[in-house]
Each structure stands twice: as C-alpha cells, then as structure tokens.
Amino acid sequence: MDPNSDETDRFLPRFDAAGLVTAIVTDVDSGTLLMVAHMNADAIRLTQQTGFAHFWSRSRRSLWLKGETSGNRLALAEMRVDCDQDALLLRVMPEGPACHTGRRSCFYRRVEADGSLTFLADDA
C-alpha cells in the first residue's frame, strides 16, 4: 500500500477559497452522470439531514434544493468523498430529469474535433 495514501476515517472536506467542493452526481441504478455542481458546508449538512441533494449556486450566490421548483429532486443514496476530500460523488435516485432543460442528464452533447456539438440520445 502507498504510504502516502490517506487512511483518514473522518469526513473533513477541503473547501476551496470560495468555500466550495465540486459535487459529481450520478444515477445510483444506471451509473449515468447526471450533473456537476458545487456544495458548501450548509449544502452538505442539508443533504445529509434531509436525504435530498442541496447545492450552492455560484451564479445566484445562494443555497438551493435541487428540484425545489420543478419537483425533480435528487434523493441521496450515497455520498462519497475522493482521496483528497476536495470532491464529492453523490449517487442519487432522481425523481425526474436532472437537467434544467428537461433532459435526464446535463451532459447531452458531445464536442466534436471541429468544435461542433452532436446531440446525444437522452439516455446516452
């Protein structure tokens, strides 16, 4: 085993200068990447307390419950942290589309070599 590997058994997120960690969100059943967002300490705490994903909106500078207005909440199945504790993986059970466009995933376009975008099937 690498002696530099982190064996810490406590959740101690390492927030960036803005007080945020990146959160990668996947569907617990299919493994589909649904979205990437940011969380501050309050978003993490509320997610853990309520069982539904909360995030920090950098553009609105406010805390938000995903699906608060659309009803498309993300029920938390599992939260994981990476080796440096500066990124989170939320494995969720989506209650509808994760993307504000109404698509299942926010990652519905592939970037081609010429700079064009190819739209993918909703479940790709």
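Is Thr-47 buried or exposed? Thr-47 is buried, with a relative accessible area of 0%. The model in view is a predicted one, and the rest of this text leads from the overall layout to the sheet, then to the helix in which Thr-47 is found, and last to two loop residues.

The protein has 1 helix and 8 strands. Along the sequence these elements come in the pattern β-β-α-β-β-β-β-β-β, so the helix follows the second strand and precedes the third. The C-alpha trace spans about 45 × 35 × 30 Å along its principal axes. The protein contains 124 residues, and 29% of them are buried. Its accessible surface comes to about 7,800 Å², and carbon and sulfur atoms account for 49% of that area. Of the contacts between residues at least 6 apart in sequence, 39% join residues that are at least 24 apart. As for charge, there are 14 positive and 18 negative side chains, and the centres of these two sets lie 7 Å apart.

The sheet comes next. An open sheet is formed by 4 strands in the order β2-β1-β6-β5, with mixed pairing. Strands β2 (33-39) and β5 stand at its edges; each has a single partner strand, so one side of each is left without a neighbour in the sheet. On average, neighbouring strands of this sheet are turned by 25° against each other, direction ignored.

The pairings can be followed across the sheet, starting from β2. Strand β1 (residues 21-27) runs antiparallel to β2, and 6 bridges join the two. One of the residue pairs here is Val-21 with Met-39, its bridge partner in β2. On the other side of β1 comes β6, and β1 and β6 pair in the parallel sense over 6 bridges. Between these two strands, Thr-26 stands opposite Arg-91 in β6. The step from β6 to β5 is antiparallel again: β5 (residues 74-81) and β6 (residues 87-94) pair in that sense over 7 bridges. Two residues of β5 illustrate this pairing. Met-79 stands opposite Leu-90 in β6, and Val-81 has Leu-88 as its bridge partner in β6. In a regular strand, side chains alternate between the two faces of the sheet.

What packs on this sheet? Helix α1 (residues 41-50) does, touching β1, β2, β5 and β6. The direction of the helix makes about 120° with that of β5.

Two residues of helix α1 show what surrounds it. Thr-47 is found in this helix. With a relative accessible area of 0%, Thr-47 falls under the 20% limit and therefore counts as buried. Neighbours within four places in sequence aside, Thr-47 is in contact with Met-39, Phe-52, Ala-53, His-54, Leu-76 and Met-79. Met-39 in this group is the bridge partner of Val-21, and Met-79 is the residue that stands opposite Leu-90 in β6.

Ala-43 is also found in helix α1. Its relative accessibility is 0%, and Ala-43 counts as buried. Leaving out residues up to four places away in sequence, Ala-43 touches His-54, Phe-55, Trp-56 and Leu-63. How far apart in space are Ala-43 and His-54, C-alpha to C-alpha? They are 4.9 Å apart, although 11 residues separate them in sequence. His-54 is listed among the contacts of Thr-47 too.

Two residues outside the helix and strands remain. Arg-61 lies in the loop between β3 (54-57) and β4 (62-65). Phi of Arg-61 is near 55°, a positive value in a residue other than glycine. The relative accessible area of Arg-61 is 68%, over the 50% limit, so Arg-61 is exposed.

The second is Gln-85, found in the loop between β5 and β6. These two strands form a hairpin with 5 residues between them. Gln-85 is not a glycine, yet it has a positive phi of about 60°. Is Gln-85 buried or exposed? The relative accessible area of Gln-85 is 8%, so this residue is buried. Arg-61 and Gln-85 thus both have a positive phi, while Arg-61 is exposed and Gln-85 is buried.

Key. Residues numbered from 1 in each chain as written. Predicted model: local features only at pLDDT ≥ 70, side-chain atom pairs only at ≥ 80, totals over all residues. Heavy atoms only, no water. Buried < 20%, exposed > 50% of the residue type's maximum accessible area, 1.4 Å probe, protein only. Contact = heavy atoms within 4.5 Å. Areas by Shrake-Rupley, 256 points an atom, 1.4 Å probe, with all protein chains shown as cover. Lys, Arg positive; Asp, Glu negative; His and termini not counted. Charge placed at Lys NZ, Arg CZ, Asp CG, Glu CD. Pairing = 2+ DSSP bridges. Axes fitted to C-alpha atoms, helices over the stretch in contact; angles between N-to-C directions.
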